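Student: I would like to go through this structure and ask how each label is justified.
Tutor: Happy to help; let us set each value against its rule.

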Amino acid sequence: MKLSIIEIKNLRGIKNSGQIRMNDFLLLVGANNSGKSTILKALDLFFNNSEFDYENDYPVSDEKKQGYRASTKIKLTFEKESKDKLPHQLSYYFLSRRGGNEKKLTIEIEYPREYGKKKERKIIINNKYTGSDSKKGDRYNDIFALIKQHINYLYIPTERLGEKFDENK
């Protein structure tokens, strides 16, 4: 099983990433504040269920808008490779698309925006099965947990050094 597509909406500096296609190797290059660290943070939120900062993780450009309620969404698409031996309950959710023999599974997590309130993240599998983190034992939550068992992700946040950086130290 491999991660093939990442899509991010309304996270920090990313309003809508579109589809970021993954290959066996991914190199993120770009100017400062272009979203490289935000992509890594999105993967951390997805795989490690790290703390979502309801004050700072919404898009900077929209945080002051009156009545702005767009949720943060992180959507990952996985492909099942022919050599993969996955548990039946996980293999079942890999769907073949019309005209293709690739089997894909899409999982989206959503952090609803509600001013002054923390809301549970929602989990959507193949645009059908929805729920929230608190409903342990539900089918969608079990599938999400199985995915996380097959992929390990370590997030090391970046540090901004600013203009006072001295490389001789």
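The conversation below takes the strands, salt bridges, core, aromatic pairs and surface in turn.

Student: What should I keep in mind about the source of these values?
Tutor: This is a predicted model, where local features need pLDDT of at least 70, side-chain atom pairs count only at pLDDT 80 or more, and totals for chains, interfaces and linings use all residues. Residues are numbered from 1 along each chain as its sequence is written, and side-chain values use heavy atoms, with hydrogens and water left out.

Student: What makes strand 1 largely enclosed by the rest of the structure?
Tutor: Buried means under 20% relative accessible area, exposed over 50%, and partly exposed in between, with a 1.4 Å probe and protein chains only. Eight of the ten residues of strand 1 (residues 2-11) are buried, so the rest of the structure largely encloses this strand. As for the names, helices (H or I, at least four residues) and strands (E, at least two) are DSSP runs, numbered from the N terminus.

Student: How do you know that strand 1 and strand 4 pair?
Tutor: Two strands pair if DSSP finds at least two bridges between them. Strand 1 and strand 4 (residues 72-80) have seven bridges, in the antiparallel sense, so they satisfy that rule. Within this pairing, Ile 6 stands opposite Leu 76.

Student: Which bridge partner does Ile 6 have in strand 3?
Tutor: That partner is Ile 20. Strand 3 (residues 20-21) runs antiparallel to strand 1, and two bridges join them.

Student: What do strand 1 and strand 2 form?
Tutor: They form a hairpin with two residues between them, and Arg 12 in the turn has a positive phi of about 50°. The two strands pair in the antiparallel sense over two bridges, and Leu 11 has Ile 14 as its bridge partner in strand 2.

Student: Why is the contact between Arg 12 and Asp 57 called a salt bridge?
Tutor: A salt bridge is a side-chain nitrogen of Lys or Arg within 4 Å of a carboxyl oxygen of Asp or Glu. For Arg 12 and Asp 57 the N to O distance is 2.9 Å, so the pair qualifies. This pair links distant parts of the chain: Arg 12 lies in the loop between strand 1 and strand 2, and Asp 57 in the loop between helix 1 and strand 4, 45 residues apart.

Student: Is Asp 57 buried or exposed?
Tutor: Asp 57 has a relative accessible area of 2%, so it counts as buried. Arg 12, at 26%, counts as partly exposed.

Student: How many salt bridges does the rule give?
Tutor: The count comes to three. One of them joins Asp 24 and Lys 2, with the closest N and O atoms 3.8 Å apart. Asp 24 is in the loop between strand 3 and helix 1 (36-48), and Lys 2 is in strand 1, 22 residues away. Asp 24 is exposed at 74% relative accessibility, whereas Lys 2 is partly exposed at 25%. Another salt bridge joins Lys 104 and Glu 79, at 4.0 Å from N to O; Lys 104 and Glu 79 are both buried.

Student: What makes a group of residues a nonpolar core?
Tutor: A nonpolar core is a set of buried Ala, Val, Leu, Ile, Met, Phe, Trp, Tyr and Cys residues joined through side-chain atoms within 4.5 Å. The largest one here has 35 residues, and those with the most contacts inside it include Ile 6, Phe 46 and Ile 107. Helix 1 gives the largest share, six residues.

Student: Why is the pair of Phe 46 and Phe 47 called edge-to-face?
Tutor: Rings of Phe, Tyr and Trp (its six-membered ring) pair if their centres lie within 6.5 Å; planes under 30 degrees apart count as stacked, over 60 as edge-to-face and the rest as tilted. Phe 46 and Phe 47 are 5.0 Å apart centre to centre with 75° between the planes, so both conditions are met. Phe 47 and Phe 78 are also edge-to-face, at 6.4 Å and 75°.

Student: Why is Leu 27 called exposed?
Tutor: Leu 27 has a relative accessible area of 61%, so it is exposed. Its place is in the loop between strand 3 and helix 1.
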